[in-house]
Amino acid sequence: MSTIDVALKILQQNNFKITKQRQYLLEYLAQQADFYIALSQLDQQMRAFFPKMSHDTIYRNVKEMQQIGILETKMFTNGLRVKFQCDFAKKEHSHFICEQCGRALELPLPDFTAIEQQLSNYQIKNYHVEIWGICDQCQI
C-alpha cells in the first residue's frame, strides 16, 4: 500500500471525505516528502489548480491532517511549513532539518537509556528529537 493510500485510509477512518482537493494536496506533498514546504507555497500551488479554493480551506485541511498524523508542521523563521508524514508505522523518529531549504533527513532515535534511568519515577510518553542546521546542498 502506498503512503498516499495509507493517508487516504486515515482520512476515511477519521470521517473525512476524499475530495479531489485533499487528494491533490497529499500527492503534491508526497512528491516532496523530504522537504518542509512553506505553507504559502502550498497555498499558491493549491489555488493554481483549484482557483475557487479559499486560503482558510487550505489552512484548515493542513491543520486537520496534522492533527490526525498525516502531515507534520514546523515553524521556521520565515513562517509555517508543512511536510508529508515520513513514516506512518513509526511515529517516533528524529530529523535533521535544514533551516534554509526545509530538507528533512530522517534519523534513528538516539539511545535514551540514561535519560530514562534518570527519570525512573516519571512516565515518559514519547520522544521528539530535531537537529536544525544547514544541509550540504545549501552550504555550496
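Two strands count as paired here if DSSP finds at least two bridges between them. Keep that in mind while touring this predicted model.

**Stop 1: the hairpin.** Select residues 71–76, which are strand 2. Add residues 79–84, strand 3. Strand 2 and strand 3 make a hairpin, with two residues between them. Their pairing is antiparallel and runs over six bridges. Now pick Phe76: its bridge partner in strand 3 is Gly79.

**Stop 2: strand 1.** Keep strand 3 on screen and select residues 37–38, strand 1. Strand 1 pairs with strand 3 in the antiparallel sense, over two bridges. Click Ile37 to find its bridge partner, Val82 of strand 3.

**Stop 3: the open sheet.** Move on to strands 4, 5 and 6. They form an open sheet of three strands in the order 5-4-6, with mixed pairing. Strand 5 (104–107) and strand 6 are the edges; each has a single partner strand, so one side of each lacks a neighbour in the sheet. From one strand to the next, the twist averages 20°. Zoom in on strand 4, residues 94–98: strand 4 and strand 5 are antiparallel, with four bridges. Select Ser94 and look across to Leu107 in strand 5, which stands opposite.

**Stop 4: a surface patch.** Select Ile115, Leu119, Tyr122 and Ile124. They form a nonpolar patch on the surface, and their accessible area together is about 370 Å². Finish on Leu119, in the loop between helix 5 (113–118) and strand 6 (129–133). How exposed is Leu119? Its relative accessible area is 31%, so Leu119 is partly exposed.

Definitions and conventions: Residues numbered from 1 in each chain as written. Predicted model: local features only at pLDDT ≥ 70, side-chain atom pairs only at ≥ 80, totals over all residues. Heavy atoms only, no water. Patch = residues over 30% accessible without salt bridge, like charges linked within 9 Å, V, L, I, M, F, W, Y side chains within 5 Å. Areas by Shrake-Rupley, 256 points an atom, 1.4 Å probe, with all protein chains shown as cover. Salt bridge = Lys/Arg side-chain N within 4 Å of Asp/Glu carboxyl O. Buried < 20%, exposed > 50% of the residue type's maximum accessible area, 1.4 Å probe, protein only. Axes fitted to C-alpha atoms, helices over the stretch in contact; angles between N-to-C directions.
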